[in-house]
Amino acid sequence: MNNLIEVENIKKNYHTLNGEIEALKDVSLEVKEGSFVSIVGTSGCGKSTLLNIIAGLEDKTSGQIKFKKDIKIGYMLQEDALLPWLTVLDNALLGLKITKEEDTEYVKYLLKTYGLEKFMDKYPKELSGGMKQRVALIRTLATKPDLLLLDEPFSALDYQSRLKVSNDVYNIIKKEKKTAIMITHDIAEAISLSEEVFLLSKSPAILKKHYDIIMKERSTPIKNRSLPEFSYYYDMIWRDIDEPI
Amino acid sequence: MSQSDFIKKYKRNKRFIKVMQFLILLSFIVIWQILSSTNVINSFIYSSPYNVFITIKNLAISKELFTHIFTTLSEIFISFVLGISLGLFIAILFYECPTLAKIFDPYLTVLNSLPKVALGPIIIIIFGANTKSIIIMALLINLIVSIISIYSGLKETDKVRLKMFDTFKATKWQKLKMLVLPSAYNSIIASLKLNISLTLIGVITGEFLVSKSGIGYLIIYGTQVFNLDLVISGIIILLVISYILYKGVILLEKILIKTY
């Protein structure tokens with residue numbers, strides 16, 4: 001198996017008192033080891049549901065998910081979800097504390113590497129939004145996941161910090177050689193960060209289209225935005241979103 | 001207006017309030033004394049500051065005063081601690097089993113709205129005319145409110161943080177210990193203030209019903225033998241105790257509450 005994870009014909013129905021609701025109709029996708037991919041789609045299309053199913057936080061109705069090996073999955077949420085009563089160091093250690101693999105040295109190393117050394121003993125309220133998001137990423141990275149799931153990780157930030165933080169997060173993920181699946185409704189963000197983009201249809205979702213994002217001079221997300229291929233993919237995905245299935 | 005003028009004005013206003021507060025108390029005592037000394041009011045019924053002073057002094061000399069205060073305070077302490085710990089325990093149980101909470105919801109609502117004094121006679125029959133009944137009475141009054149306020153504090157735990165714990169496959173116990181309880185910490189501390197007032201009501205009600213000692217007993221006994229000096233002395237002692245306890249809890253809250 002060449003891919004780290006293969007998602008096959010995932011279907012998800014919810015039960016409510018007003019009847020059954022179809023959230024995901026039929027979604028299949030493959031993610032290569034070491035790649036950064038994005039899943040885009042309009043809000044409410046079932047992106048988060050898909051991510052939750054991959055993470056094992058929700059059950060699927062049918063379909064299957066194959067992993068290359070027994071992999072560890074890390075999850076990064078929309079909000080940093082830091083605990084205000086813990087220091088930055090203790091917050092970054094929280095994941096390991098829960099999984100009972102406390103490794104203070106490794107977490108300190110990560111904080112040091114990603115510019116948070118001076119803030120280890122500070123509390124979250126003393127940090128900027130971007131720094132908090134970095135601590136949240138380190139909390140997840142500390143558990144040494146093989147696959148990172150990013151659930152709209154920058155959507156709580158203002159536009160300016162969004163660009164900068166997405167750049168930071170991308171660099172960290174690449175430096176740590178992690179495979180990542182990000183969901184976002186921001187097409188520009190998806191193109192600038194990913195090597196592949198999966199487009200989901202409106203709910204109940206099916207996989208509408210798949211794009212290999214090929215950029216000759218690919219570099220950091222911010223710089224990618226000014227490459228000629230960027231606007232090419234941007235226009236194409238926008239056009240495809242409105243296209244009927 | 002300069003900054004120093006502002007501070008001066010602020011301080012002056014604060015001092016004025018303190019002085020006025022003291023003057024109201026002082027004039028109340030003075031007028032009360034004058035009215036009873038000049039027989040405008042019947043001092044047998046309305047007592048007088050002097051009589052109250054003498055009554056309390058005599059109670060103190062015979063050491064009886066301290067026995068009564070000690071009885072009431074220990075009943076308050078036991079009921080307060082029991083109310084908070086049982087309240088916390090039941091609230092956690094409800095939080096962990098929402099179905100249980102839903103089953104008991106109508107019973108809590110009914111019990112909360114029932115004037116608990118009405119249960120007094122039954123409590124005495126079941127538990128006897130002793131301290132146990134007084135504590136049960138106080139618990140009935142403070143427990144329901146403790147459960148409700150702590151439970152709603154636990155329920156306010158941030159949903160995103162709960163999900164974050166799920167992504168690390170945290171157990172229920174880990175979530176409770178590392179997230180839910182620390183999140184609700186401040187609202188639990190805030191419920192102490194409500195609890196102490198209710199405990200006082202409960203204990204004094206209980207003492208009215210059954211006791212052989214305590215401030216509530218002092219007041220009821222005074223009424224029975226028509227010693228109104230004793231009744232009013234009892235009320236004044238109670239006033240001082242409540243004030244000190246309330247201030248104590250506020251101080252405790254200030255020390256314990258955390259700001260992030």
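This dialogue explains how to read helix packing, cysteines and one glycine in a predicted model.

Reader: Which conventions apply to this model?

Author: It is a predicted model, in which local features need pLDDT of at least 70 and side-chain atom pairs count only at pLDDT 80 or more, while totals for chains, interfaces and linings use all residues. Residues are numbered from 1 along each chain as its sequence is written, chains are lettered from A and ligands numbered from 1 in the order in which they are written, and side-chain values use heavy atoms, without hydrogens and water.

Reader: How are two packed helices described?

Author: The angle between their axes and the distance between the axes describe such a pair. Helices are DSSP runs (H or I, at least four residues) numbered from the N terminus. Axes are lines fitted to C-alpha atoms over the stretch in contact, with angles from 0 to 180 degrees between N-to-C directions. In chain A, helix H2 (residues 88–98) and helix H3 (residues 104–113) pack at about 125 degrees, their axes 10 Å apart. H2(A) is therefore oblique to H3(A); angles under 35 degrees count as roughly parallel, over 145 as roughly antiparallel, 65 to 115 as roughly perpendicular and the rest as oblique.

Reader: Which residues of H2(A) and H3(A) meet?

Author: Contact means heavy atoms within 4.5 Å. Val88(A), Leu89(A), Ala92(A), Leu93(A) and Leu96(A) of H2(A) meet Thr104(A), Val107(A), Lys108(A) and Leu111(A) of H3(A).

Reader: At what angle do helices H5 and H7 of chain B pack?

Author: H5 (residues 98–113) and H7 (residues 131–155) of chain B pack at about 135 degrees, with axes 10 Å apart. This angle makes H5(B) oblique to H7(B). From H5(B), Ala101(B), Leu108(B), Leu111(B) and Asn112(B) meet Ile144(B), Val145(B), Ile147(B), Ile148(B) and Tyr151(B) in H7(B).

Reader: How many disulfides does the structure hold?

Author: A disulfide is a covalent bond between the sulfur atoms of two cysteines; the criterion here is a pair of cysteine sulfur atoms within 2.5 Å. The structure holds zero over all chains.

Reader: Is Cys45(A) buried or exposed?

Author: Buried means under 20% relative accessible area, exposed over 50%, and partly exposed in between (1.4 Å probe, protein chains only). Cys45(A) is buried at 1%, whereas Cys97(B) is partly exposed at 34%.

Reader: Where is Gly206(B) found?

Author: Gly206(B) lies in helix H9 (residues 172–210) of chain B. Its relative accessibility is 2%, so Gly206(B) counts as buried. Leaving out residues up to four places away in sequence, Gly206(B) touches Ile134(B), Met137(B) and Ser211(B).

Terms used:
Helices (H or I, at least four residues) and strands (E, at least two) are DSSP runs, numbered from the N terminus.
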